[in-house]
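Trainee: I've got a new model open and I'd like to learn how to read it feature by feature. Can you walk me through it?

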Amino acid sequence: MTSIRHNDGVLDAALACVLAHGVRRTTLTDVARRAGVSRMTIYRRWPDVRTLVADLMTREWTRVLEGLELSDPVEAVVSGVRAMRGHPLWRKIVEVDPELLLPYLTDRRGAAHEAILSVLEPVAGSPAKARAVLLTAQSFLISAPTMLCPTTTDELDAELRTLLEAYLGQLSQRRQAGG
């Protein structure tokens, strides 16, 4: 039997609730009702909404990662930043509940960070380089809105590409050449 902790029906319900109301206004009771399960079923697996939303974020960010073409690491990172920037959950959290992201920026890595690093490390060549790439991409994702006007997101993405090419360029060029 599949653990409800990874139950897409519950996570889909949580996504719908968060998109409709934000994290702070979503309750586990709302999620249970929308998922068609009992409140106790939810409470046995998730002690609070933040834990449920953490699992939801991991699922959603991992899906973004799975959708990337990794043959060109530079393009994959830039595309990943663009995909995250447009993701409805990301947008809702940034607009309504940005404080939810703070622990992932200052205190700890999340499961999605670990998944991203597991993909980046082989293409970056080392754990330190993978972490530097992730930190760079994360800054372009989170702080890009503060740098707009007159600069556009397309221009910032081009600059991210330039930075990554300089850092990973030789590796990226080899992959494009089939080597």
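## Reading a helical model

Mentor: Sure, and keep in mind that this is a predicted model. Let's begin with one helix pair: helix 8 (residues 111-124) and helix 9 (residues 127-143) have axes that come within 8 Å and cross at roughly 125°. That angle makes helix 8 oblique to helix 9.

Trainee: Which residues of helix 8 and helix 9 make that contact?

Mentor: On the helix 8 side you'll find His113, Ile116, Leu117, Leu120, Glu121 and Ala124, and they face Pro127, Lys129, Ala130, Arg131, Val133, Leu134 and Gln138 of helix 9. Sorted by class, the residues of this contact are 8 nonpolar, 2 polar and 3 charged. As for handedness, helix 8 passes helix 9 in a right-handed crossing.

Trainee: Let me step back a bit. How many helices and strands does the chain have?

Mentor: The count is 10 helices and 0 strands, so reading from the N terminus on gives α-α-α-α-α-α-α-α-α-α. The C-alpha atoms fill a box of roughly 55 × 40 × 25 Å along the principal axes. Of the 179 residues, 40% count as buried. Look at sequence separation too: among contacts in the chain with a separation of 6 or more, 63% are between residues 24 or more positions apart.

Trainee: How should I describe other helix pairs?

Mentor: The general idea is that two packed helices are described by the angle between their axes and the distance between the axes. Try helix 4 and helix 6: they pack at about 135°, with axes 10 Å apart. Helix 4 and helix 6 are therefore oblique to each other.

Trainee: Which residues meet where helix 4 packs on helix 6?

Mentor: Helix 4 brings Leu56, Met57, Glu60 and Trp61, while helix 6 brings Leu89, Trp90 and Ile93. By class, that contact has 6 nonpolar, no polar and 1 charged residues.

Trainee: And at what angle do helix 5 and helix 9 pack?

Mentor: About 35°, with their axes 10 Å apart. The crossing of helix 5 and helix 9 is right-handed. Here Val77, Val81, Met84 and Arg85 in helix 5 meet Val133, Ala137, Phe140 and Leu141 in helix 9. This contact of helix 5 with helix 9 has 7 nonpolar, no polar and 1 charged residues. Notice that Val133 of helix 9 also appears in the contact with helix 8.

Trainee: What's the idea behind looking for a nonpolar core?

Mentor: In soluble globular proteins, nonpolar side chains tend to be buried together. In this model, the largest nonpolar core has 48 residues, and Val31, Leu52, Met57 and Leu89 touch the most other members. The elements that give two or more residues to this core are helix 1 (8-21), helix 2 (28-35), helix 4 (49-66), helix 5 (73-86), helix 6 (88-96), helix 8, helix 9 and helix 10 (153-176). The largest share, 8 residues, comes from helix 4.

Trainee: Which residues does Met57 touch?

Mentor: Leaving out residues up to four places away in sequence, Met57 touches Thr62, Leu89, Ile93, Leu100 and Tyr104. Leu89 and Ile93 are familiar from the contact of helix 4 with helix 6.

Trainee: Now some single residues. Is Arg25 buried or exposed?

Mentor: Arg25 is exposed, because its relative accessible area is 62% and the cut-off for exposed is over 50%. Arg25 lies in the loop between helix 1 and helix 2. Arg25 and Asp97 are 72 residues apart in sequence, yet their C-alpha atoms are 9.9 Å apart.

Trainee: Where does Thr153 lie, then?

Mentor: Thr153 lies in helix 10. With a relative accessible area of 28%, Thr153 is partly exposed. Thr153 touches Arg82, Arg85 and Leu148, not counting residues up to four places away in sequence. The C-alpha atoms of Thr153 and Arg85 are separated by 9.8 Å, with their positions 68 residues apart along the chain.

Trainee: One last thing: which residues does the cis peptide bond join?

Mentor: Cys149 and Pro150, with omega at about 15°. Pro150 is found in the loop between helix 9 and helix 10, and Cys149 is found in that loop too. Check the backbone of Cys149 as well: phi is near 75°, a positive value in a residue other than glycine. Cys149 is exposed, with a relative accessible area of 72%.

Methods:
Residues are numbered from 1 along each chain as its sequence is written. This is a predicted model: local features need pLDDT of at least 70, side-chain atom pairs count only at pLDDT 80 or more; totals for chains, interfaces and linings use all residues. Side-chain values use heavy atoms; hydrogens and water are left out. Axes are lines fitted to C-alpha atoms, for helices over the stretch in contact, and angles run from 0 to 180 degrees between N-to-C directions. Helices (H or I, at least four residues) and strands (E, at least two) are DSSP runs, numbered from the N terminus. Angles under 35 degrees count as roughly parallel, over 145 as roughly antiparallel, 65 to 115 as roughly perpendicular and the rest as oblique. A crossing is left-handed if the near helix is turned anticlockwise from the far one by less than a right angle, and right-handed if clockwise. Contact means heavy atoms within 4.5 Å. Ala, Val, Leu, Ile, Met, Phe, Trp, Tyr, Cys and Pro count as nonpolar, Asp, Glu, Lys and Arg as charged, and the others, Gly among them, as polar. A nonpolar core is a set of buried Ala, Val, Leu, Ile, Met, Phe, Trp, Tyr and Cys residues joined through side-chain atoms within 4.5 Å. Buried means under 20% relative accessible area, exposed over 50%, partly exposed in between (1.4 Å probe, protein chains only).
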